[in-house]
Amino acid sequence: MLPIGLGYVEGVTHDYLRHGTTTRFAVLDTAKGTVLTQCRKRHRHQEYLDFLREIDKNVPATLDVHIIVDNYATHKHARVKRWLAERPRSQVHFTPTYASWLNQVEIWFNRITQQAIRSRTTIFSC
């Protein structure tokens with residue numbers, strides 16, 4: 001750890017290891033209420049592609065897949081883009097830059113609760 005100094009917060013050196021951290025991938029099947037998950041030690045495009053393949057294998061071919069991700073470079077890697085381009089049913093939605101993905105999920109579930117569950121109306125209009 002680097003000490004706290006005037007004008008900057010505590011930092012870490014280039015060789016700092018984050019022991020015990022994990023990357024969690026998850027997908028929610030809204031129709032069934034089931035969750036498909038994977039835990040990985042790293043968050044590189046290889047692990048992300050493995051998870052996308054797992055989704056593709058487990059979701060019926062007749063359904064579209066909507067993937068909500070943050071703006072992390074892994075999600076925009078050339079191999080990921082190529083894989084997604086070959087599967088038009090998989091549509092990626094990025095959270096706004098500098099916005100917490102968790103905040104976006106909470107906002108989404110609040111909209112569902114307020115507009116669909118409590119008022120018994122549809123969220124989307126055609």
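**Strands, helices and their contacts in the predicted model**

Strand β3 offers a convenient way into this structure, with two faces that are easy to tell apart: Val65, Ile67 and Val69 make up the covered face, and His66 and Ile68 the uncovered one. The model is a predicted one, and the description below moves outwards from β3 to the strands and helices around it.

The protein contains 3 helices and 4 strands. Read from the N terminus, these elements follow the order β-β-α-β-α-β-α. Of the 126 residues in the protein, 17% are buried. Among contacts between residues at least 6 apart in sequence, 42% link residues at least 24 apart.

The partner of β3 is β4, and the two strands run parallel, joined by 5 bridges. One of the residues on the covered face of β3, Val69, has Phe94 in β4 as its bridge partner. Strand β4 spans residues 90-94 and includes Ser90. Is Ser90 buried or exposed? Its relative accessibility is 10%, and because the cut-off for a buried residue is under 20%, Ser90 counts as buried. Beyond its neighbours within four places in sequence, Ser90 is in contact with Val65, Ile67 and Leu84. Val65 and Ile67 both belong to the covered face of β3, while Leu84 is one of the α2 residues that meet α1.

Phe94 also leads to the loop between β3 and α2, where Lys76 is placed. Lys76 and Phe94 are separated by 18 residues in sequence and by 10.0 Å in space, taken from C-alpha to C-alpha. The two residues nevertheless touch, and Lys76 also touches Asn71 and Lys81, when residues up to four places away in sequence are not counted. Lys76 has a relative accessible area of 36% and is therefore partly exposed.

The other strand pair is formed by β1 and β2, which run antiparallel and are joined by 7 bridges. Together they make a hairpin with 4 residues between the strands. Within the turn, Gly33 has a positive phi of about 75°. Two pairings help to trace the hairpin on the structure: Ala26 stands opposite Thr37 in β2, and Thr23 has Arg40 in β2 as its bridge partner.

Leu36 is a useful residue to follow in strand β2. Which residues does Leu36 contact once its neighbours within four places in sequence are left aside? They are Phe25, Ala26, Val27, Phe51, Glu54, Ile55 and Asn58. Leu36 and Phe25 lie 11 residues apart in sequence and 8.2 Å apart in space, C-alpha to C-alpha. With a relative accessible area of 23%, Leu36 is partly exposed. Two of its contacts, Phe51 and Ile55, are buried residues of α1.

Helix α1 covers residues 45-58, 14 residues in total. From its first C-alpha to its last it reaches 20 Å, close to the 20 Å expected at 1.5 Å a residue. The buried residues in α1 are His45, Glu47, Tyr48, Leu49, Phe51, Leu52 and Ile55. What do these buried residues pack against? Their packing partners are the strands β1 (23-29), β2 (34-40) and β3 (65-69), together with helix α2 (78-85). Helix α1 thus meets both strands of the hairpin as well as β3.

The packing of α1 on α2 can be described in further detail. The axes of the two helices are 9 Å apart and make an angle of about 15°. The helices are therefore roughly parallel to each other, and their crossing is right-handed. On the α1 side, His45, Tyr48, Leu49, Leu52, Arg53 and Asp56 take part, and they meet Arg79, Val80, Trp83 and Leu84 on the α2 side. His45, Tyr48, Leu49 and Leu52 are also among the buried residues of α1. Leu84 brings the account back to the strands, through its contact with Ser90 in β4.

Key
Residues are numbered from 1 along each chain as its sequence is written. This is a predicted model: local features need pLDDT of at least 70, side-chain atom pairs count only at pLDDT 80 or more; totals for chains, interfaces and linings use all residues. Side-chain values use heavy atoms; hydrogens and water are left out. The expected span of a helix is 1.5 Å times one less than its number of residues. Buried means under 20% relative accessible area, exposed over 50%, partly exposed in between (1.4 Å probe, protein chains only). Contact means heavy atoms within 4.5 Å. Two strands pair if DSSP finds at least two bridges between them. Axes are lines fitted to C-alpha atoms, for helices over the stretch in contact, and angles run from 0 to 180 degrees between N-to-C directions. Angles under 35 degrees count as roughly parallel, over 145 as roughly antiparallel, 65 to 115 as roughly perpendicular and the rest as oblique. A crossing is left-handed if the near helix is turned anticlockwise from the far one by less than a right angle, and right-handed if clockwise.
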